[in-house]
Amino acid sequence: MAAVSAGVLVLPVSSCSMMSEEQKVEELRRAGERGAEAHFALLAEYKLPTPDECLNNYSRFTEGGAPWDEPYSATPDWISLHGGYFVDSCVAGKPRVPNK
């Protein structure tokens with residue numbers, strides 16, 4: 001993601017701090033909403049929104065997957081949780097909502 005221009009290293013500006021619990025809840029809510037939207041988009045493409053089909057389309061509908069929850073990366077537990085919200089919502093056709 002870094003670009004080199006005229007000998008200058010340009011790094012993308014992104015969150016370099018840990019994601020707060022409130023931010024995580026908001027991202028899970030957003031993953032659920034995108035999953036529910038994916039359900040109907042897949043149906044419109046004559047595809048059954050099965051867990052496998054939803055998982056195969058996870059990156060497509062979430063702009064590349066889970067956002068980083070740690071500086072410079074996303075932890076495996078967070079990726080799994082975020083993906084789970086998306087897939088559950090995609091299969092059901094309604095957003096899975098975090099308890100918080």
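**Exercise 1. Place methionine 18 in the fold, and decide whether methionine 18 is buried or exposed.**

Step 1. Methionine 18 sits in the loop between strand S2 (8-10) and H1. Helices (H or I, at least four residues) and strands (E, at least two) are DSSP runs, numbered from the N terminus. A word on the model before going on: it is predicted, so local features need pLDDT of at least 70 and side-chain atom pairs count only at pLDDT 80 or more, while totals for chains, interfaces and linings use all residues. Residues are numbered from 1 along each chain as its sequence is written, and side-chain values use heavy atoms, with hydrogens and water left out.

Step 2. Methionine 18 counts as exposed because its relative accessibility is 53%. Buried means under 20% relative accessible area, exposed over 50%, and partly exposed in between (1.4 Å probe, protein chains only).

Step 3. Now look for partners. Setting aside neighbours within four places in sequence, methionine 18 is in contact with Gln23, Asp69, Glu70 and Pro71, where contact means heavy atoms within 4.5 Å. The C-alpha atoms of methionine 18 and glutamate 70 are separated by 4.6 Å, although these residues are 52 apart along the chain.

**Exercise 2. Lay out the order of elements in the protein chain, then find how much of the chain is buried.**

Step 1. Count the elements: the protein chain has four helices and two strands. Read from the N terminus, they run β-β-α-α-α-α.

Step 2. Turn to burial: 32% of the 100 residues of the protein chain count as buried.

Step 3. Check the contacts between residues at least 6 apart in sequence: 64% of them join residues at least 24 apart.

**Exercise 3. Describe how H1 packs with H4.**

Step 1. Start with the geometry. Helix H1 (residues 21-44) and H4 pack at an angle of about 35°, and their axes are 7 Å apart. Axes are lines fitted to C-alpha atoms, for helices over the stretch in contact, and angles run from 0 to 180 degrees between N-to-C directions.

Step 2. List some of the residues that meet. H1 contributes residues including Glu27, Ala31, Arg34 and Leu42, and H4 contributes residues including Trp78, His82, Phe86 and Cys90.

Step 3. Pick out glutamate 27, which lies in helix H1. Its relative accessibility is 18%, so glutamate 27 counts as buried. Beyond neighbours within four places in sequence, glutamate 27 is in contact with Met19, Pro67, Trp78 and His82.

Step 4. Compare a loop residue: threonine 62 lies between helix H3 (58-61) and H4. Threonine 62 counts as buried because its relative accessibility is 4%. With neighbours within four places in sequence left aside, threonine 62 is in contact with Arg34, His82 and Phe86.

**Exercise 4. Find the disulfide and work out its handedness.**

Step 1. The structure holds one disulfide, a term for a pair of cysteine sulfur atoms within 2.5 Å. Cysteine 54 is joined to cysteine 90, with an S to S distance of 2.0 Å.

Step 2. The torsion about the S-S bond of cysteine 54 and cysteine 90 is about -75°, so the disulfide is left-handed.

Step 3. Trace the pair along the chain: cysteine 54 is in helix H2 (residues 51-56) and cysteine 90 in helix H4 (residues 76-92), so placed that the pair links distant parts of the chain, 36 residues apart.

Step 4. Finish with burial: cysteine 54 and cysteine 90 are both buried.
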